[in-house]
Amino acid sequence: MNPETITNNPDTLVNISTEKWPPRHRTYFGSLEVRSPEPGEAYAITPIRGCNGVIDMGDKRVMDIRITAREIAEDIAREINSDSGEGSFHGVFVAAGLEPTESELADARRRLEEFQHRLVAAADLEWERTKNPMFITDLERRAARQLGLEKPWLYDSKPLAECPVCAEKIKHGVAVCRSCGAILDREKAAQYGLVPQARPRRNASAIQDGTGKPEHEAGREPVAEGKP
């Protein structure tokens, strides 16, 4: 904000969501970043101060106007909370004083939780209809995680592979097909004792011939007993 237009009548913008919001831009004060709670913080506050604005009246005429801190704070909170459509709430509100009261915080938490439950319910309906995680929005996934819920649509599972032996659908990286028992990854299967580990190959000089003797001994004539 321009320090020449700031007065000493601050209001407080409170954010209880851990989401990071991009800076808010206004022609009358420039750019403002709304703080988000750090780990261990229940909320974060962003002081807002009033400023002066200018209205272009046309014909080279302008009129100075006074914009209060409350008007600026409510404008920014309204913009953030309505980012996801009608009835959305992202945990940003204007406190009555310089610090939020417990009552204000409790009301904001209730509203945020209600909105998150609506998002999860919408995602559940979409999942029942399509079973396709591509139709679940990032906002719905974030709501489920913040509520501590386990949902099948939280995870973008890879398409299943096909066993080359029995054509059964299997997960990627499977060592042994549970349907037909085919070994799909021998090294991994041996690592977990599902198949015998391959015996180490003997040195070429020790490879036996058909008689069971090493090759370097094969072809030698036997030495007769009693001969020197």
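This briefing covers a three-stranded sheet, the helix packed on it and the aromatic contacts of a predicted model. Local features require pLDDT of at least 70 and side-chain atom pairs pLDDT 80 or more, whereas totals for chains, interfaces and linings use all residues. Residues are numbered from 1 along each chain as its sequence is written, and side-chain values use heavy atoms, without hydrogens and water.

**Sheet and helix**
- The open sheet has 3 strands in the order E4-E1-E7, with antiparallel pairing (strands pair if DSSP finds at least two bridges between them; strands are DSSP runs of E, at least two residues, and helices runs of H or I, at least four, numbered from the N terminus).
- Strands E4 (44–48) and E7 (92–94) form the edges; each has a single partner strand, so one side of each lacks a neighbour in the sheet.
- From one strand to the next, the twist averages 25° (axes are lines fitted to C-alpha atoms, for helices over the stretch in contact, with angles from 0 to 180 degrees between N-to-C directions).
- Strand E1 (residues 11–15) runs antiparallel to E4 and is joined to it by 5 bridges; Val-14 has Ile-45 of E4 as its bridge partner.
- Helix H1 (residues 69–81) packs on the sheet and touches E1, E4 and E7 (contact: heavy atoms within 4.5 Å); the direction of H1 makes about 160° with that of E7.

**Aromatic rings**
- The whole structure contains 1 aromatic pair (ring centres of Phe, Tyr or Trp, the latter by its six-membered ring, within 6.5 Å; planes under 30 degrees apart are stacked, over 60 edge-to-face, the rest tilted).
- The ring centres of Tyr-28 and Phe-29 are 5.2 Å apart and the planes stand at 75°, so the pair is edge-to-face.
- Phe-29 is buried at 6% relative accessibility, whereas Tyr-28 is partly exposed at 23% (buried: under 20%; exposed: over 50%; partly exposed: in between; 1.4 Å probe, protein chains only).
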